[in-house]
Amino acid sequence: MSIQYGLIKRSGILASDELNVQAIKRNLINSNAIAREVQQRCTVTTADVHAVLDVLSSLLGDHLLNGDHVKLDGIGTFSVSMDGKVHLDKAGRLQLTGARVRKVRFQAAKSLRERMKTATFTKEGAIVNASDLSVTEADVRKCVDALCAEHHLFTIKQLSEATKLTEATARRRLQPLIADGTIVQESSRPRILYRKA
């Protein structure tokens, strides 16, 4: 296991010669993936895991709406922050109007924070522009779908133009789709063409 990072050169209003480091978001691991992994490690089924996660989500919401802090051992503590306007009413009493939950906060458990201290890091690719990181895997998939619908075959250059990524980054972002069989390489000379499987 390794956390991939990129060296980012800021552009636009935040432009500078200073390079920043940023973790590269590799995958979005959803509850289906977690349920499969839990099933592989213990005796519960994926349906059991989904049932527990559904109830946990509901209970977490209920307790947060009650103003409670919810601590899940080994994971962390959830709480809410709020805002609103305080003013004096005609009788001189403090009143709150426009109250709302501003955000749900999460503080990782000490054991989780300690585990993160063992992280290893791998540099991914060359220096990229900050805008390259805002393009998600889902965005790349949508662009691939649109290119295939319009042309059937596409090149890295076309994907680069559609996603506004550099060609090197577009090529790198296409690799997971090739690995999972969504995209196949059609030809290699004189230029590489890709199509949906």
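## A tour from Glu186 to the β4–β5 hairpin

Begin by selecting Glu186, which has a relative accessibility of 41% and therefore counts as partly exposed, since that class covers values between the limits of 20% for buried and 50% for exposed. Please keep in mind throughout the tour that this is a predicted model.

Now add Arg195 to the selection and display both side chains, because the two residues form a salt bridge in which the closest N and O atoms are 2.4 Å apart. Arg195 also counts as partly exposed, with a relative accessibility of 26%.

**The surroundings of Tyr194**

Move next to Tyr194 and show what lies around its atoms. Which residues is Tyr194 in contact with, leaving aside its neighbours within four places in sequence? The list includes Glu186, where the tour began, together with His152, Leu153, Phe154, Ile156, Leu174, Ile178, Ile183, Val184 and Gln185.

Tyr194 also belongs to the largest nonpolar core, a group of 15 residues, and it is one of those with the most contacts inside that core, alongside Val144, Phe154, Leu159, Leu174 and Ile183. To see where the core comes from, colour α4 (137-151), α5 (156-163) and α6 (167-179), which are the elements that give two or more residues to it. Among the contributors, α4 gives the most, with 5 residues.

**A side step into α5**

While α5 is coloured, select Ser160, which is found in this helix. Is Ser160 buried or exposed? Its relative accessible area is 11%, which is under the 20% limit, so Ser160 counts as buried. If you leave out residues up to four places away in sequence, you will find that Ser160 touches Leu165, Thr166, Glu167 and Ala170.

**A link from α4**

Return to α4 and select Arg141 together with Asp180, which form a salt bridge with their closest N and O atoms 2.6 Å apart. This pair links distant parts of the chain, as Arg141 lies in helix α4 and Asp180 in the loop between α6 and β8 (183-187), 39 residues apart. Both partners count as partly exposed, Arg141 at 26% relative accessibility and Asp180 at 44%. If you add Glu137 to the view, you have a network of salt bridges that links Glu137, Arg141 and Asp180. In the whole structure, a search finds 7 salt bridges.

**The hairpin and its nonpolar patch**

For the last part of the tour, select β4 and β5, two strands that run antiparallel and are joined by 12 bridges. Between the strands of this hairpin there are 5 residues, and Gly92 in the hairpin takes a positive phi near 85°. You can also look here for another salt bridge, in which the side chains of Arg93 and Asp89 meet at 3.2 Å, N to O.

Then show the surface and select Met82, Val86, Leu88, Leu94 and Leu96, which form a nonpolar patch with about 550 Å² of accessible area together. The elements that give two or more residues to this patch are β4 (76-88) and β5 (94-108). Which element gives the largest share of the patch? That is β4, with 3 residues.

Two details are worth a closer look before you finish. Val86 stands opposite Leu96 in β5, so you may wish to display these side chains as a pair. Leu94 is also found in strand β5, and this residue counts as exposed because its relative accessibility of 64% is over the 50% limit.

Conventions:
Residues are numbered from 1 along each chain as its sequence is written. This is a predicted model: local features need pLDDT of at least 70, side-chain atom pairs count only at pLDDT 80 or more; totals for chains, interfaces and linings use all residues. Side-chain values use heavy atoms; hydrogens and water are left out. Patches are made of residues with over 30% relative accessible area and no salt bridge: like charges are joined within 9 Å, nonpolar side chains (Val, Leu, Ile, Met, Phe, Trp, Tyr) within 5 Å. Accessible areas come from the Shrake-Rupley method with a 1.4 Å probe; for residues, only the protein chains shown count as cover. A salt bridge is a side-chain nitrogen of Lys or Arg within 4 Å of a carboxyl oxygen of Asp or Glu. Helices (H or I, at least four residues) and strands (E, at least two) are DSSP runs, numbered from the N terminus. Buried means under 20% relative accessible area, exposed over 50%, partly exposed in between (1.4 Å probe, protein chains only). Two strands pair if DSSP finds at least two bridges between them. A nonpolar core is a set of buried Ala, Val, Leu, Ile, Met, Phe, Trp, Tyr and Cys residues joined through side-chain atoms within 4.5 Å. Contact means heavy atoms within 4.5 Å.
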